[in-house]
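Trainee: I've got a model open and I'd like to practise asking how we know things about it. Can you take me through a few points?

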Amino acid sequence: MPTELSELGEFELIKELTGDVELTNVSTIKGIGDDAAVIAAGNDAMVVTNDLLVEGIHFDLMYTPLKHLGYKSVVVNLSDVYAMNAIPEQITVGIALSSKFSVEAVNQLYDGIKLACKLYGVDLVGGDTTSSLTGLMISVTAIGRAPFDKVTYRNGAKENNLICVSGDLGGAYLGVQILEREKRVFKENLGAQPKLDDYTYVVGRQLKPEARKDVVEKLNELGVQPTAMIDISDGLSSELLHICTQSKVGCRVYEDKIPVNKETENVAGELNIHSLTAALNGGEDYELLFTINMNDYDKIKDVEGITVIGHITNESEGYNLINNQGMPIKLKSMGWKNFNE
Ligand code: ADP
Ligand code: MG
């Protein structure tokens, strides 16, 4: 009997496919397993990452404007470059198009791609264009650069390091719940116009995310070198577990410290979803999760948009979230499992 893809999930499948890959070039510093690969390029390290977005899986064109989609497809890749503490410099873009798309529509997609390039200071240097039988696919590769000693991996967290997160969490997940709800209303009521005025923050978080260039620049300016870093694309829980398992450490984070925006909180209440669940297991916030040496606390404590949510412990203590009742809850990885959807 062949094994169904859904039996493995995304992470196990990557392991199954790539577990026996050997690195043969001395210039390959880091292969599979981090936010980006790291390659020796003269005096600097070059980082490379790729993400693929597929219509119907990662985006729904019923409520995603093409310009926003183009912008987001660049930003999600730049986020992985920043997560290595590197600065993105180039991207390439591959697209597969079905005949339902007009030239004007594809131009809108590229307006978004070009806008992201302009705002983040990145050059579009190549790609590929082909046809598809159904729908749109966008594959972006981002290339960045950093001095070798600045590159930050997932595996450098040490006991007693502080765990920090940028921005706030859970908004993007609630944004997509609202968009899905309005889509159902639209379909059931023959074109009733969506009411999104009360949801601008969460919908914005979903449709037009930003990569935290500013945070990487700020840390650099403050002379703070994170010991480990990852971007939050799959929810805090899953990303924290990546840092902990790869660093061979445990963690203790606190529910009351996890940053959640006021509108996110309100929308969670309205939808009967615990905002903590959205922060831990929702995805696509594209914030940075990083660990720092305790001695650096004074440098970051007053920085707006950086929150200390807990600390790194010995591996034997496991992965713990202390809830508002003071009870420890074991963190579990609940990354997106597209094959099950
Ligand atoms: P992220 O969420 O940061 O984009 P992923 O979870 O997608 O990272 O990927 C984890 C690691 O596995 C990365 O190093 C990525 O480059 C690698 N990877 C993912 N898919 C494949 C694949 N099909 N072949 C080789 N490497 C892959
Ligand atoms: Mg990542």
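Trainee: To start, where does Tyr286 lie?

Mentor: Keep in mind that this is a predicted model. Tyr286 sits in the loop between α9 (275–281) and β10 (287–292).

Trainee: Why is Tyr286 called buried?

Mentor: Buried means under 20% relative accessible area. Tyr286 has 8% relative accessibility, so Tyr286 counts as buried.

Trainee: And Lys248, why does that one count as exposed?

Mentor: The cut-off for exposed is over 50%. Lys248 comes out at 59% relative accessibility, so it counts as exposed. You'll find Lys248 in the loop between α7 (236–247) and β9 (250–254).

Trainee: What makes the phi of Lys248 worth a remark?

Mentor: Most residues other than glycine have a negative phi. Lys248 is not a glycine, yet its phi is positive, about 55 degrees. Tyr286 isn't a glycine either, and has a positive phi of about 55 degrees.

Trainee: On to the metal. How do you know which residues coordinate the magnesium ion (ligand 2)?

Mentor: Donors are N, O and S atoms within 2.8 Å of the metal. The OD atoms of Asp35, Asp80 and Asp231 are at 2.0 to 2.1 Å, and these residues coordinate the ion. Water is not among the atoms, so sites may look incomplete.

Trainee: What spacing do those donors follow along the chain?

Mentor: The pattern is D-x44-D-x150-D. Asp35 and Asp231 link distant parts of the chain, being 196 residues apart: Asp35 is in the loop between β1 (28–30) and β2 (37–41), and Asp231 is in strand β8 (residues 228–232). Asp35 and Asp231 are both buried.

Trainee: What makes the link between Asp80 and ligand 1 a polar contact?

Mentor: A polar contact needs a pair of N or O atoms within 3.5 Å. A polar side-chain atom of Asp80 is 3.1 Å from an oxygen atom of ligand 1, which fits. Gly33 gets there with a backbone N or O atom, 2.8 Å from a ligand 1 oxygen. In Asp35, a side-chain N or O atom is 3.1 Å from an oxygen of ligand 1.

Trainee: Last one: why are β4 and β6 called a pair?

Mentor: Two strands pair if DSSP finds at least two bridges between them. Nine bridges join β4 (residues 87–97) to β6 (residues 137–147), and the two run antiparallel. That's enough, so they pair. Look for Val93, which stands opposite Val140 in β6.

Notes. Residues numbered from 1 in each chain as written. Chains lettered and ligands numbered in written order. Predicted model: local features only at pLDDT ≥ 70, side-chain atom pairs only at ≥ 80, totals over all residues. Heavy atoms only, no water. Donors = N, O, S within 2.8 Å, 3.2 Å for Na, K, Ca; no water. Helix = DSSP H or I, 4+ residues; strand = E, 2+ residues; numbered from the N terminus. Buried < 20%, exposed > 50% of the residue type's maximum accessible area, 1.4 Å probe, protein only. Polar contact = N/O pair within 3.5 Å; in protein donor to acceptor, adjacent residues only side chain to side chain.
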